[in-house]
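The following paragraphs guide the reader through a single protein chain, from its overall layout to individual side chains. Please keep the sequence and the model in view while reading.

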Amino acid sequence: MNGSANPSESRSASSRCRKEGFADIARWIVLDPDNETFIYRKFDELAARYLLYLQAELLVLEKELNKLDKNNANSNDMDLRNTIRIWETLTQWYNTYDQEARVRMDMVVRLREKLKEYHAFAGA
């Protein structure tokens, strides 16, 4: 037998260790010596759709940024024009609570986050 003097003790000990639901299935998967149970769905269609949504969001942000660039480039205010060329000018205007600089900086931050998300997922 299993070395236990009392078979009912052995059964109650194993029932205490018994897992339910996902935990039970996970235990069964990892106990397979051939790893034949390691079959997982990759969700390729959903992943592709997610990347397309991210691309669509990035396209909108790119269009908005190009519009901001055009508006600022055509400005008569040289400092405002410099916000599209010189990072220090942009941050200086941003720190003075200039509305146009705030819109541009917010756009930069949104782009940074969205591009980071896109490249992290697309590279996976």
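**Layout of the chain**

Read from the N terminus, the elements of the chain follow the order α-α-α-α-α-α. The model is a predicted one, and its secondary structure amounts to six helices and zero strands. Of the 124 residues in the chain, 18% are buried. The accessible surface of the chain is about 10,100 Å², and carbon and sulfur atoms account for 55% of that area. When contacts between residues at least 6 apart in sequence are considered, 44% of them join residues at least 24 apart.

One stretch carries an annotation. An unreviewed UniProt entry places the feature "coiled-coil region" at residues 51–78. In the model, residues 51–78 are 86% helix and 0% strand, and the C-alpha atoms at the two ends of this stretch lie 39 Å apart.

**The nonpolar cores**

Which residues make up the largest nonpolar core? This core consists of seven residues, namely L54, L58, L61, L68, M107, L111 and Y118. Helix α3, spanning 44–73, and helix α6, spanning 99–122, each contribute at least two residues to the core. The largest share, four residues, is supplied by α3. Apart from this core there is another one, made of five residues that include L80, W93, A101 and M105.

Within the largest core, L54 deserves a closer look. Leaving out residues up to four places away in sequence, L54 touches K114, E117 and Y118. Of these, Y118 is itself a member of the largest nonpolar core, while K114 and E117 belong to a salt-bridge network together with E57.

**Charged pairs**

Side chains of opposite charge can pair when their charged atoms come close. In this model the count of salt bridges comes to five.

One of them pairs E57 with K114, whose closest N and O atoms are 2.9 Å apart. This pair links distant parts of the chain, since E57 sits in helix α3 and K114 in helix α6, 57 residues apart. How accessible are the two partners, E57 and K114? E57 has a relative accessible area of 36% and is therefore partly exposed. K114, at 15% relative accessibility, falls under the 20% limit and so counts as buried.

A further salt bridge joins R104 to D69, with the closest N and O atoms 2.7 Å apart. Here too the pair links distant parts of the chain: R104 belongs to helix α6 and D69 to helix α3, 35 residues apart. R104 counts as buried because its relative accessibility is 5%. D69, at 26% relative accessibility, counts as partly exposed. Through shared partners, salt bridges also join E57, K114 and E117 into one network.

R18 and D24 form another salt bridge, in which the closest N and O atoms are 3.7 Å apart. R18 counts as exposed because its relative accessibility reaches 55%, a value over the 50% limit for that class. Its partner D24 has a relative accessible area of 24%, and D24 is therefore partly exposed.

**A nonpolar patch at the surface**

The surface also carries nonpolar side chains. V30, L31, F38 and Y40 make a nonpolar surface patch of about 440 Å². Among these residues, L31 is located in the loop between α2, which spans 21–30, and α3. Is L31 buried or exposed? With a relative accessible area of 54%, L31 is exposed.

**A73 in helix α3**

The last residue to consider is A73, which has its place in helix α3. At 33% relative accessibility, A73 counts as partly exposed. Which residues does A73 contact, once its neighbours within four places in sequence are left aside? They are R81 and I84. A73 can also be set beside R85: the two residues are 12 apart in sequence, and their C-alpha atoms are 9.4 Å apart in space.

Helices α3 and α6 thus recur throughout this description. Both supply at least two residues to the largest nonpolar core, and they are also linked by the salt bridge between E57 and K114 and by the one between R104 and D69.

Note on methods. Residues numbered from 1 in each chain as written. Predicted model: local features only at pLDDT ≥ 70, side-chain atom pairs only at ≥ 80, totals over all residues. Heavy atoms only, no water. UniProt positions renumbered as here; feature names shortened; annotations may be inferred. Core = buried A, V, L, I, M, F, W, Y, C linked by side-chain atoms within 4.5 Å. Buried < 20%, exposed > 50% of the residue type's maximum accessible area, 1.4 Å probe, protein only. Contact = heavy atoms within 4.5 Å. Salt bridge = Lys/Arg side-chain N within 4 Å of Asp/Glu carboxyl O. Areas by Shrake-Rupley, 256 points an atom, 1.4 Å probe, with all protein chains shown as cover. Patch = residues over 30% accessible without salt bridge, like charges linked within 9 Å, V, L, I, M, F, W, Y side chains within 5 Å.
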